[in-house]
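Work through the following exercises with the sequence and the model open beside you. Try each task on your own before you read its solution.

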Amino acid sequence: MKLASYNNGRRDGQLMLVSKDLTKTVVVPAIAHTLQQLLDAWDLLQPQLQELYEALNSGMLDNAIDFDEAKCLSPLPRAYQWADASAYVNHVELVRKARGAEMPESFWTDPLVYQGGSDSFIAPKADIELASEEWGIDFESEVAIITDDVPMGVDVNAAEKHIKLIMLVNDVSLRNLIPAELAKGFGFFQSKPSSSFSPVAVTPDELGDKWQDSKVHLPLITHLNNQLFGRPNCGVDMTFNFSQLIAHFTKTRPLGAGAIIGSGTISNYDRSAGSSCLAETRMLETIADGKPSTEFMHFGDRVRIEMLDEHEQSIFGAIDQQVVKYQG
């Protein structure tokens with residue numbers, strides 16, 4: 001299934017069922033009003049929704065309307081949990097190498113994670129409003145999953161069944177604020193403003209054989225100001241898959257239905273695929289030339305993040321956003 005949340009003027013939006021080709025959509029109030037409501041009772045409501053989804057794709061629903069990505073909020077406009085990992089450890093290794101820092105061996109066995117703000121996500125077509133370019137504005141193109149209720153201490157082999165939906169992420173980062181925050185020894189806050197998610201979230205079966213081993217085996221395509229920036233493959237060089245991340249996150253706590261877990265910046269050792277954030281490009285330039293030449297984002301810059309299937313059709317819709325000055 002494919003699901004979205006239309007902006008209806010309420011905090012959690014209106015749950016919409018979206019056709020496989022992203023052309024048609026239908027409201028499903030008899031089943032659930034919001035995505036969170038659906039996730040809270042997934043096992044009960046999913047079979048009913050699946051039946052409607054098949055009818056929608058067959059053109060059998062008279063109340064179906066044209067799907068408009070511009071009307072979408074993030075699939076979960078707010079969430080009880082948003083935790084991001086750094087599952088592509090070669091990305092971390094590269095950043096540390098550029099700083100001349102050694103990489104702790106534990107990074108290969110124990111995932112890096114942070115708990116992000118989840119009370120207000122940016123809509124996928126909305127502007128990214130920030131007060132200063134001096135903060136070092138960066139995008140991070142990622143994949144994320146949404147879980148149902150996951151018990152504390154779940155075994156990695158049992159974790160995948162708790163993955164209900166997949167979506168894309170722009171984990172906005174303010175690079176010049178990060179060093180001072182980390183120096184305090186207490187993690188990110190100001191340097192990680194609101195994130196954005198793709199217009200559509202999809203069930204894993206929508207990816208067919210491109211969903212294997214709790215990984216998405218497709219390129220994630222990023223354009224910066226209409227120029228291709230990178231298309232690394234999400235299934236390559238992912239040190240920790242999503243099942244492993246779930247097991248890590250639940251070591252000391254359960255996850256509630258609607259918990260979002262991010263992959264971290266998609267990164268391949270094959271640098272010809274490009275990058276998924278400006279920081280990585282700057283690190284490569286520093287290693288090669290002694291200093292970075294690529295600038296962070298300026299007001300007016302635009303980033304587009306999308307994933308295509310084998311027929312070059314968009315799977316999740318596109319995150320397409322411009323950075324603008326916050327006016328208060």
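**Exercise 1. The nonpolar core**

How many residues does the largest nonpolar core have, and which residues have the most contacts inside it?

*Solution.* Keep in mind from the start that this is a predicted model. The largest nonpolar core has 60 residues, and those with the most contacts inside it are Val143, Ile166, Val216 and Met307. When we ask which element gives the largest share of this core, we arrive at helix H6 (residues 242-249), which contributes four residues. Apart from this core lies another one, of 32 residues, including Leu61, Leu76, Ala144 and Ile146.

The next step is to look at Val216 by itself. If its neighbours within four places in sequence are left aside, Val216 is in contact with Val143, Ile166 and Met307, and also with Leu207, Lys210, Trp211, Asn233, Cys234 and Gly235.

**Exercise 2. Two residues, buried or exposed**

Decide for Thr222 and then for Gly185 whether the residue is buried or exposed.

*Solution.* Begin with Thr222, whose place is in strand E17 (residues 221-224). The cut-off for buried is under 20% relative accessible area, and Thr222 is therefore buried, since its value is 0%. Its surroundings can then be listed: leaving aside neighbours within four places in sequence, Thr222 is in contact with residues among them Phe139, Ser141, Phe229, Val303 and Ile305. With one of these, Ser141, the contact is a polar one between the two side chains, at 2.7 Å.

Turn now to Gly185, which is found in the loop between helix H5 (178-183) and strand E13 (196-197). Exposed means over 50%, so Gly185, with a relative accessible area of 60%, is exposed.

**Exercise 3. Checking a helix**

What span should helix H2 (residues 42-57) have, and how far apart are its end C-alpha atoms?

*Solution.* First, take 1.5 Å a residue, which for the 16 residues of helix H2 gives an expected span of 22 Å. Second, compare this with the model, in which the end C-alpha atoms of H2 are 21 Å apart, so the two values agree.

Third, find the buried residues of H2, which are Trp42, Leu45, Leu49, Tyr53, Ala55 and Leu56. To read such a list, it helps to recall that an α-helix has 3.6 residues a turn, so residues three or four places apart point the same way. What covers the buried residues of H2 includes strand E1 (2-6), strand E2 (14-18), strand E3 (24-27), helix H1 (35-40) and strand E11 (163-170). Just after H2, Gly59 takes a positive phi of about 75°.

Finally, place the helix in the record: UniProt, in an unreviewed entry, gives the feature "domain: Fumarylacetoacetase N-terminal" at residues 1-78. Over residues 1-78 the chain is 28% helix and 23% strand, with the end C-alpha atoms 21 Å apart.

**Exercise 4. Salt bridges**

How many salt bridges does the structure hold? Examine three of the pairs in turn.

*Solution.* The structure holds 13 salt bridges. Side chains of opposite charge can pair when their charged atoms come close.

1. The side chains of Glu140 and Arg175 meet at 3.4 Å, N to O. The pair links distant parts of the chain, 35 residues apart, and both Glu140 and Arg175 are buried.
2. Arg271 and Glu280 meet at 3.6 Å, N to O. Arg271 is partly exposed, because its relative accessible area is 28%, whereas Glu280 counts as buried at 1%.
3. Asp320 pairs with Arg302, the closest N and O atoms being 3.0 Å apart. Asp320 is in strand E21 (residues 319-325) and Arg302 in strand E20 (residues 302-306), 18 residues apart in the chain. At 16% Asp320 counts as buried, while Arg302 at 33% counts as partly exposed.

As a last step, note that salt bridges sharing partners join Asp138, Glu140, Asp171, Arg175 and Lys192 into one network.

**Exercise 5. Positive phi outside glycine**

What is phi of Asp213, and where does this residue lie?

*Solution.* Phi of Asp213 is near 55°, a positive value in a residue other than glycine. Asp213 lies in the loop between strand E15 (211-212) and strand E16 (215-216), and with a relative accessible area of 54% Asp213 is exposed.

Methods:
Residues are numbered from 1 along each chain as its sequence is written. This is a predicted model: local features need pLDDT of at least 70, side-chain atom pairs count only at pLDDT 80 or more; totals for chains, interfaces and linings use all residues. Side-chain values use heavy atoms; hydrogens and water are left out. A nonpolar core is a set of buried Ala, Val, Leu, Ile, Met, Phe, Trp, Tyr and Cys residues joined through side-chain atoms within 4.5 Å. Buried means under 20% relative accessible area, exposed over 50%, partly exposed in between (1.4 Å probe, protein chains only). Helices (H or I, at least four residues) and strands (E, at least two) are DSSP runs, numbered from the N terminus. Contact means heavy atoms within 4.5 Å. A polar contact is a pair of N or O atoms within 3.5 Å; within protein, one must be able to donate a hydrogen and the other to accept it, and residues adjacent in sequence count only if both atoms are side-chain atoms. The expected span of a helix is 1.5 Å times one less than its number of residues. A salt bridge is a side-chain nitrogen of Lys or Arg within 4 Å of a carboxyl oxygen of Asp or Glu. UniProt positions are given in the numbering used here, feature names are shortened, and annotations may be inferred rather than shown by experiment.
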